[in-house]
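Please consider the sequence and structure shown here with regard to charged side-chain pairs and cysteines. A briefing on these two topics is given below.

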Amino acid sequence: MTSTPTPHPTHLRSHTFHGLAPGPRLLVTGAVHGNETCGTRAITQLLEEIDSGQLGIERGTVTFVPITNPLAYRLKQRMGERNLNRNMAPSAIPQDFEDRIANVLCPLLDAHDVLLDLHSFHTGGAPFVMIGPQNNTGALEPFGHAAEEMQLALHTGPHRIVEGWLDTYARGVKRRAEAASTSAGDRKQALVTDPNYGVGTTEYMRSRGGYGVTLECGQHDDPAAVGVARHAILQTLGLLGLIAQAPSPEPAEREILRLVEVVDRDHAGDTFTREWRSFDPVKRGETIGTRHGGEPITAPVDGFVVFPNPRSEAGQEWFYFAQRRA
């Protein structure tokens, strides 16, 4: 007799390995967004190798969460009931499935020192890695591990590093809140206009005294993305000394870009001028997209289009604009 699956998953599965010598505590997450499965597949490969003895965890602790949002993963889509990688915080009174996952995931983040979060993206483009701010004592994202985080980012593999997420997103959320037209009681509207909306896994990790990077391994369906994720996990394990194998050297070339603006899709009729890929260059004044009413969206200066999402919902981020770090 086969049982009918429950409407919602009832647990979050993790796998923890403790080396027999002291060392750092690493958390590796996949499928924070349910249709981004390269990390899930790479983690599954490495779990088999650890269990078979091909790979040994000698120091510290590593925890793998191959499917961080099991509802979105089951539905084969980005979100379950909302975006897990926004408004990341424990909830005393959880309102949706992702709130309940966060109530388990946040203590896991609290219990580790370093996070490697594996993602992929909608449109074509090369892999890249996202880091947090420089060391600072500001109110938005105070931080004290910029050097360690940069070292981790450089060892994950991609030569392109992107910074500036949270302050850029905070400005976007402020604009979104000022333009809000729905009632304050609308749950979805309340989420996307919350000042905490830009806080995801890595931002939460930094707020708890740790550090981490988000690795965008490639386009969702690119089979090479699994290899990118696998390489990054092994590199991180080696860098932190959890396994005996030393990491490969940092790439000789690097490019650091800073996100400077997030542009929301206001209407389902908003369209791009072409099929943009992440990091396609644009010249000042070049049209990136057109609003439903005919207004062009142009590049304010020379820069790059990042995370273009032609399927984004109205009121959600449509694309980001980046420049090279000065």
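The points that follow concern salt bridges, burial and cysteine sulfur atoms.

The model is predicted. Across the whole structure, a search returns 21 salt bridges and 0 disulfides. Three of the salt bridges are described individually, followed by one network and the cysteines.

**Salt bridge between E36 and R78**

- E36 pairs with R78 in a salt bridge whose closest N and O atoms lie 3.3 Å apart.
- This pair connects distant parts of the chain, with the two positions 42 residues apart in numbering: E36 belongs to the loop between β2 (21-29) and α1 (38-52), and R78 to the loop between α2 (70-75) and α3 (97-110).
- E36 has a relative accessible area of 2% and is buried, whereas R78, with a relative accessible area of 22%, is partly exposed.

**Salt bridge between R176 and D264**

- A salt bridge joins the side chains of R176 and D264, with an N to O distance of 2.8 Å.
- Distant parts of the chain are again linked, since R176 lies in helix α5 (residues 165-178) and D264 in strand β8 (residues 255-265), 88 residues apart.
- Both R176 and D264 are buried.

**Salt bridge between R206 and E203**

- The side chains of R206 and E203 form a salt bridge at 3.9 Å, N to O; a salt bridge is counted within 4 Å.
- R206 and E203 are both in helix α7 (residues 201-207) and stand 3 residues apart, so about one helical turn separates them.
- R206 is classed as buried because its relative accessibility is 5%, and E203 is likewise buried, with a relative accessible area of 9%.

**Salt-bridge network**

- R86, R176, D264 and E317 are joined into one network by salt bridges that share partners.
- Two members of this network, R176 and D264, are the buried pair described above.

**Cysteines**

- Which cysteine sulfur is closest to that of C38? The closest is in C217, at 3.9 Å, which is too far for a bond.
- A disulfide requires the two cysteine sulfur atoms to be within 2.5 Å, so the C38 and C217 sulfurs, 3.9 Å apart, do not qualify.
- In general, a disulfide is a covalent bond between the sulfur atoms of two cysteines.
- C38 is buried, with a relative accessible area of 1%.
- C106 is buried as well, its relative accessible area being 0%.

Terms used: Residues numbered from 1 in each chain as written. Predicted model: local features only at pLDDT ≥ 70, side-chain atom pairs only at ≥ 80, totals over all residues. Heavy atoms only, no water. Helix = DSSP H or I, 4+ residues; strand = E, 2+ residues; numbered from the N terminus. Buried < 20%, exposed > 50% of the residue type's maximum accessible area, 1.4 Å probe, protein only.
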